[in-house]
There are 2 protein chains.
Amino acid sequence: MYPVITISRQFGSGGHSIGEKVAKQLGIPFWDGEIVNKVVEEHGYARELIEEQGETTSQASKWFDISAASAMYFQSPQDEIFLAQRKVVLEAAAEPCVIVGRCSDYILRSAEVRCLNILIHADLEHRVARVLERYGDIKDVDVKKRILKKDKQRRTYYRYYTDQQWGAYDNYDLALDSGVIGEDCCVHLICELAEKLNV
Amino acid sequence: MYPVITISRQFGSGGHSIGEKVAKQLGIPFWDGEIVNKVVEEHGYARELIEEQGETTSQASKWFDISAASAMYFQSPQDEIFLAQRKVVLEAAAEPCVIVGRCSDYILRSAEVRCLNILIHADLEHRVARVLERYGDIKDVDVKKRILKKDKQRRTYYRYYTDQQWGAYDNYDLALDSGVIGEDCCVHLICELAEKLNV
């Protein structure tokens with residue numbers, strides 16, 4: 001009934017890890033960095049460019065906004081990456097899988113693919129602790145600022161390509177605070193739900 | 001760890017029913033209409049007044065906004081009802097229980113009572129179907145309009161007394177779309193979570 005699970009996540013909330021474990025437990029493919037690999041493979045873009053612009057809006061795209069007429073003829077590199085990623089998301093969704101980010105909830109809803117849409121969030125304190133635990137004590141970097149900037153970039157990217165507000169509760173079937181609930185319990189609840197709904 | 005469960009809900013989403021079943025399953029008291037009973041009992045207000053103004057903002061309260069100086073000395077009937085309900089919520093939270101609505105998530109957070117905060121929502125189509133199923137085919141009433149009005153009243157009430165946006169995802173530990181997930185599965189997931197967190 002819901003063969004595809006999309007995971008939207010705040011930076012540092014553990015959404016990637018939760019999605020990976022859900023996919024493993026359900027025995028279905030997992031798409032996150034794999035989307036980048038596929039786009040590199042198919043289009044020959046530099047990996048760094050996709051990693052940098054794959055979920056953040058760049059000045060280039062904003063510039064193209066100025067002239068609607070120009071935008072009809074030219075695509076910014078970011079628009080091309082969005083379309084390439086969109087194609088990968090649609091192809092991946094041909095079989096049961098878990099997809100992280102990339103506006104996949106919106107892309108699949110627009111394409112009328114039925115999905116189970118999940119949101120993973122956590123308060124800043126939990127996310128800072130998680131990032132420090134994962135990447136160690138990063139010197140010369142203000143972790144809080146980095147997290148907030150990443151959130152803002154993803155929100156803006158989502159807004160730009162979907163014209164919707166990131167995190168609006170009615171876009172998700174299930175939203176979980178991983179800081180309160182814990183990563184393993186999030187995985188458990190998502191898998192329980194998937195099982196109940198016969199994913 | 002989380003002895004109190006608060007349920008915020010959209011009108012017609014089944015939040016009341018889900019909360020009641022969760023309380024029954026966990027063997028703890030349930031507070032919804034019971035809050036009204038207690039306020040009637042303790043303050044002698046007319047039941048109709050509390051049912052009408054217990055979660056909706058009235059013109060009276062809006063009028064009091066105009067003069068901050070007056071508001072320091074006078075309380076609108078609605079403000080008095082809010083304070084009476086707040087007292088009941090705080091007293092109820094002295095033991096494990098489930099509380100529906102009445103800004104209980106905000107009231108208890110402000111009082112530093114640890115809670116598990118749940119949001120139940122559903123799309124309009126599911127809610128219309130549920131209201132019609134529950135109350136029968138109500139003649140001369142536009143059910144859609146009634147639902148949207150009730151949502152707006154509750155949103156405005158929440159905004160008025162908490163200065164926060166109703167439905168903001170970071171206010172909830174778990175948010176569920178009861179239209180997609182189904183009432184019984186919502187109950188199951190909330191009880192699973194409560195058990196995992198040792199409510």
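**Notebook: a helix and a chain contact**

I started where helix α9(A) ends: Asp163(A) follows α9(A), and its phi is positive, near 60°. A note to self: this is a predicted model, where local features need pLDDT of at least 70, side-chain atom pairs count only at pLDDT 80 or more, and totals for chains, interfaces and linings use all residues. Residues are numbered from 1 along each chain as its sequence is written, while chains are lettered from A and ligands numbered from 1 in the order in which they are written.

Helices (H or I, at least four residues) and strands (E, at least two) are DSSP runs, numbered from the N terminus.

Next I looked along α9(A), residues 143–162. This helix has 20 residues and reaches 28 Å from first C-alpha to last, close to the 28 Å expected at 1.5 Å a residue, taken as 1.5 Å times one less than the number of residues.

Which residues of α9(A) are buried? I found Asp151(A), Arg154(A), Tyr157(A), Tyr158(A) and Tyr161(A); buried means that 20 or more other C-beta atoms, placed from the backbone, lie within 10 Å of a residue's own. They lie on the same side of α9(A) because they cover an arc of only 130° around the axis, counted from the directions from the helix axis to the C-beta atoms.

Then I turned to chain B. How many residues does each chain bring to the contact? Chain A gives 18 residues and chain B gives 18 residues, with contact meaning C-beta atoms, placed from the backbone, within 7 Å. On the side of chain A that touches chain B, α11(A) gives the most, with five residues.

Conventions
Two residues are in contact if their C-beta atoms, placed from the backbone, lie within 7 Å. A residue is buried if 20 or more other C-beta atoms lie within 10 Å of its own, exposed if 12 or fewer, and partly exposed in between; C-beta atoms are placed from the backbone.
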